[in-house]
Amino acid sequence: MVSAGHPQIRILVADDHPIVREGLRGLIAVQPDIVVVAEASNGREAIQQFRIHRPDVTVMDLQMPEMTGVDAVSAIRVEFPDAKIIVLTTFAGDVQILRALKAGAHGYLLKAVLHKELPDSIRAVYAGRKVMAPEAAAQIAEHCGEEALTSKELEVLRLIAAGNANKVIAAELSISEETVKSRVKNILDKLGANDRTHAVTIGLKRGIIEL
């Protein structure tokens with residue numbers, strides 16, 4: 001906690017939903033040692049506002065238009081290596097979590113429990129520590145050591161999610177139907193899925209693919 005006589009922790013809030021930003025402002029407004037100095041409604045705006053205000057901690061939504069939270073985190077950290085960023089999301093998909101952490105995020109919180117965890121998480125990240133929602137940590141632990149899908153398998157899974165049959169996928173990727181079937185089998189095996197629909201459901205839940 002910032003002690004008397006020291007400046008407040010300056011926060012940039014980035015979320016595309018005005019109601020969420022308003023809720024975050026209200027949550028932070030009652031904290032004597034934290035203040036919101038800037039807001040952004042998408043990833044590109046978040047980068048611009050960061051350049052202008054140089055906040056102590058940025059609170060960044062992952063799903064935003066124009067540029068995702070992960071891409072914004074990565075861009076900010078490249079330009080400002082010391083930037084401290086907490087990402088927010090509505091679900092804890094392990095692949096999405098790891099993507100955010102790899103981009104340089106210092107914290108990963110679920111929106112459902114923000115009112116309990118956000119102020120202390122901001123203080124922890126400001127002090128140089130990392131924070132993660134217990135649900136997010138559990139997701140990473142559950143899938144730790146599993147073999148990841150290859151880039152070619154990801155291509156096939158995305159096309160399956162778009163409702164394409166093997167013949168269409170083969171034409172789209174300029175490969176044989178047998179190759180498609182082989183990749184589908186690998187996808188099912190790696191994800192522990194019963195069928196194609198189940199694989200898509202798992203892929204979306206874990207953040208492996210997005211619609």
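What covers the buried residues of H6? Keep that in mind while loading the structure, which is a predicted model.

**Stop 1: helix H6**

Select helix H6, residues 134–143. Within H6, colour Ala-136, Gln-139 and His-143, which are buried. Look down the helix axis: the buried residues of H6 fall within an arc of 60°, so they line one face of the helix. In general, an α-helix has 3.6 residues a turn, so residues three or four places apart point the same way.

Now show what surrounds that face. The cover over the buried residues of H6 includes H4, strand S5 (107–110), strand S6 (131–132) and H10. Turn the helix round to find Pro-134 and Ala-141, exposed residues on the face directed away from the buried side. Just past the helix, select Gly-145, which follows H6 and has a positive phi, near 90°.

**Stop 2: the largest pocket**

Helix H6 is also one of the elements that give two or more residues to the lining of the largest pocket. The volume of this pocket is about 340 Å³. It is lined by 17 residues, and those closest to its centre are Val-95, Ala-148, Leu-149, Arg-206 and Ile-208; select these five to bring the pocket into view. Besides H6, the elements with two or more lining residues are helix H4 (94–103), helix H7 (151–161) and helix H9 (177–191).

Which element gives the largest share of the lining? Helix H4 does, with four residues. Colour the lining by class and you will find nine nonpolar residues, one polar residue and seven charged residues.

**Stop 3: Lys-190 in helix H9**

Stay with helix H9 and select Lys-190, which is found there. Is Lys-190 buried or exposed? Lys-190 has a relative accessible area of 18%, and it is buried, because the cut-off for buried is under 20%. Its side chain makes a polar contact with the side chain of Glu-153, at 2.8 Å. Beyond residues up to four places away in sequence, Lys-190 touches Glu-146, Glu-147, Ala-148, Leu-149, Thr-150 and Glu-153. Two of these names, Ala-148 and Leu-149, were selected at the pocket centre.

**Stop 4: helix H8**

Next, select helix H8, residues 166–173, and mark its buried residues: Asn-166, Ile-169 and Ala-170. Viewed down the axis of H8, they fall within an arc of 100°, so they line one face of the helix. The cover over them includes H7, H9 and helix H10 (196–206). On the face turned away from the buried side are the exposed residues Lys-167, Ala-171 and Glu-172. After H8 comes Ser-174, with a positive phi, near 60°.

**Stop 5: Thr-89 in strand S4**

Move to strand S4, residues 85–89, and select Thr-89. Thr-89 is buried, at a relative accessible area of 0%. Its side chain makes a polar contact with the side chain of Gln-96, at 3.5 Å. Leaving out residues up to four places away in sequence, Thr-89 touches Leu-62, Gln-63, Gln-96, Tyr-108, Leu-109, Leu-110 and Lys-111.

**Stop 6: His-53 in helix H2**

Finish at helix H2, residues 43–53, where His-53 is located. His-53 counts as partly exposed, with 26% relative accessibility. Which residues does His-53 contact, apart from neighbours within four places in sequence? They are Arg-10, Val-37 and Ala-38. Finally, draw a line between the C-alpha atoms of His-53 and Ile-11: the separation is 9.1 Å, although these residues are 42 residues apart along the chain.

Conventions
Residues are numbered from 1 along each chain as its sequence is written. This is a predicted model: local features need pLDDT of at least 70, side-chain atom pairs count only at pLDDT 80 or more; totals for chains, interfaces and linings use all residues. Side-chain values use heavy atoms; hydrogens and water are left out. On a 1 Å grid over the protein atoms alone, a cavity is a set of points where a 1.4 Å probe fits but cannot get out, and a pocket is an open set with protein on both sides within 12 Å along at least five of seven lines; lining residues have an atom within 4 Å of a point. Grid points are joined across faces, edges and corners, and a volume is the space filled by probe spheres set on the points. Ala, Val, Leu, Ile, Met, Phe, Trp, Tyr, Cys and Pro count as nonpolar, Asp, Glu, Lys and Arg as charged, and the others, Gly among them, as polar. Buried means under 20% relative accessible area, exposed over 50%, partly exposed in between (1.4 Å probe, protein chains only). The arc is that of the directions from the helix axis to the C-beta atoms. Contact means heavy atoms within 4.5 Å. A polar contact is a pair of N or O atoms within 3.5 Å; within protein, one must be able to donate a hydrogen and the other to accept it, and residues adjacent in sequence count only if both atoms are side-chain atoms.
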